[in-house]
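Hi,

Here is the structure I said I'd pass on. Have a look at it first, then read my notes below.

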Amino acid sequence: MISLEEIDLHVRKLIAFLESIQNADGSFNTYYMQPHYNPDKEWMKFPGNAPYDTATTVLPLLKIDSPNAKSIIGKANEFLLQQSLDSLLWTYAFVNDDYWIPYDTDSTSLASLVLTESGHKVENKVFLDSLIGKDQYYPFYIWPDQYRFNIPFITYCKMVVRNWRVKRCIPIVNDDMRVTDSEFSSSCLNLLYLGKTDANSVVWEKLKKTFASQSVDHMYYLDFYHSFYHVTRLAYFTGNNEIVQDERLIEEYISQLKVNLNNISQSDRQILLANALLFLDGEKDYLNNLSDVILARLNEECYNQTFAIYSSNVNTDYQPDGKSPNTYFGSPAITCSLYLEFLNMYRYRFHGGYYSSIG
């Protein structure tokens with residue numbers, strides 16, 4: 001078992017690291033890797049910093065009670081508000097004016113969650129629930145055919161004008177992404193913000209059936225390690241556990257995910273699985289073994305590495321092998337936040353409370 005003293009020492013160290021890499025505008029850098037187009041390069045700085053990455057980074061800090069964590073969140077909130085459309089919608093960072101993409105539900109949900117948890121008023125839940133598609137998922141992108149007048153008319157007009165430009169941009173013209181894109185993990189992320197309502201009960205039911213039938217789909221979120229993390233996090237933080245209540249199914253999934261996780265090259269999958277197990281409060285023996293591995297990574301200061309967190313559309317924007325995405329995205333900040341999440345959840349499960357430096 002990791003001691004309380006070790007946990008708190010590492011929590012302070014990781015928070016200090018995030019402070020050191022947070023930009024003056026409150027953002028965290030976004031990085032990308034393109035094995036086919038840039039085979040001699042690894043992670044490269046993306047031209048813009050994505051609200052998605054910054055919101056993802058600070059999300060675990062919301063459960064940490066310390067002035068330093070609150071300072072990081074406050075600066076991130078300033079960036080998120082500055083990047084928004086009327087404090088209602090968000091989009092991903094773009095390379096230049098030829099690469100604009102639509103506002104997206106993932107960035108919007110994450111930014112909205114961080115802001116509302118910080119006390120800001122964001123009134124977009126009814127609008128987001130109105131976007132649920134015929135496939136019973138939330139779409140990735142907010143596009144003209146999906147518009148509903150559940151946001152102010154001026155905001156609606158700004159969105160329409162922007163999307164006129166988006167239509168002429170390279171990602172749409174080259175079919176690198178499609179405005180009809182949707183995915184299991186993305187809908188998990190949307191529901192993390194939206195919770196369960198009468199309007200989105202069909203999405204919860206779709207996720208439950210998809211998970212139970214072992215037919216989880218992947219488009220931007222890489223593999224089942226990521227999907228398992230997203231669905232268990234959703235169940236834990238919303239308290240809606242019906243998706244993960246089948247113990248036999250969970251054990252079967254965990255058995256599959258435990259395979260080949262001893263190699264150091266699997267650090268990203270190790271931390272995702274460990275966090276998922278903490279959300280589930282299960283597999284204590286295996287979790288302890290995995291925790292020892294993660295503690296060793298922390299002692300080696302591997303929390304500043306960059307893991308692939310999501311990718312370009314694997315169905316439309318792929319390498320010549322026909323199955324690998326052209327572009328992977330991640331950042332040291334997100335990696336660090338996953339380790340912070342692990343430490344704080346471990347502290348809660350094994351020592352009875354989240355981290356606090358107050359009192």
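What follows is a short run through three places in the chain.

A word on the basics: this is a predicted model, where local features need pLDDT of at least 70 and side-chain atom pairs count only at pLDDT 80 or more, while totals for chains, interfaces and linings use all residues. Residues are numbered from 1 along each chain as its sequence is written, and side-chain values use heavy atoms, with hydrogens and water left out.

Let's start with a helix pair. Helices here are DSSP runs (H or I, at least four residues), numbered from the N terminus. α13 (residues 284–299) packs on α14 (residues 332–351) at about 135°, and their axes are 12 Å apart. So α13 is oblique to α14 (oblique is whatever is left after under 35 degrees, roughly parallel, over 145, roughly antiparallel, and 65 to 115, roughly perpendicular). Among the residues in contact (heavy atoms within 4.5 Å) are Leu287 and Ile294 of α13 and Phe342 and Tyr346 of α14.

Next, α6 (residues 153–166). Its 14 residues should span 20 Å at 1.5 Å a residue (the expected span is 1.5 Å times one less than the number of residues), and its end C-alpha atoms are indeed 20 Å apart. Its buried residues (under 20% relative accessible area, with a 1.4 Å probe and protein chains only) include Tyr156, Met159 and Val166. Both α5 (125–129) and α7 (170–173) help to cover them.

Last, Lys208, which sits in α9 (residues 201–212). Leaving aside neighbours within four places in sequence, Lys208 touches Glu242 and Ile243.

Cheers

Key. Axes are lines fitted to C-alpha atoms, for helices over the stretch in contact, and angles run from 0 to 180 degrees between N-to-C directions. Helices (H or I, at least four residues) and strands (E, at least two) are DSSP runs, numbered from the N terminus. Buried means under 20% relative accessible area, exposed over 50%, partly exposed in between (1.4 Å probe, protein chains only).
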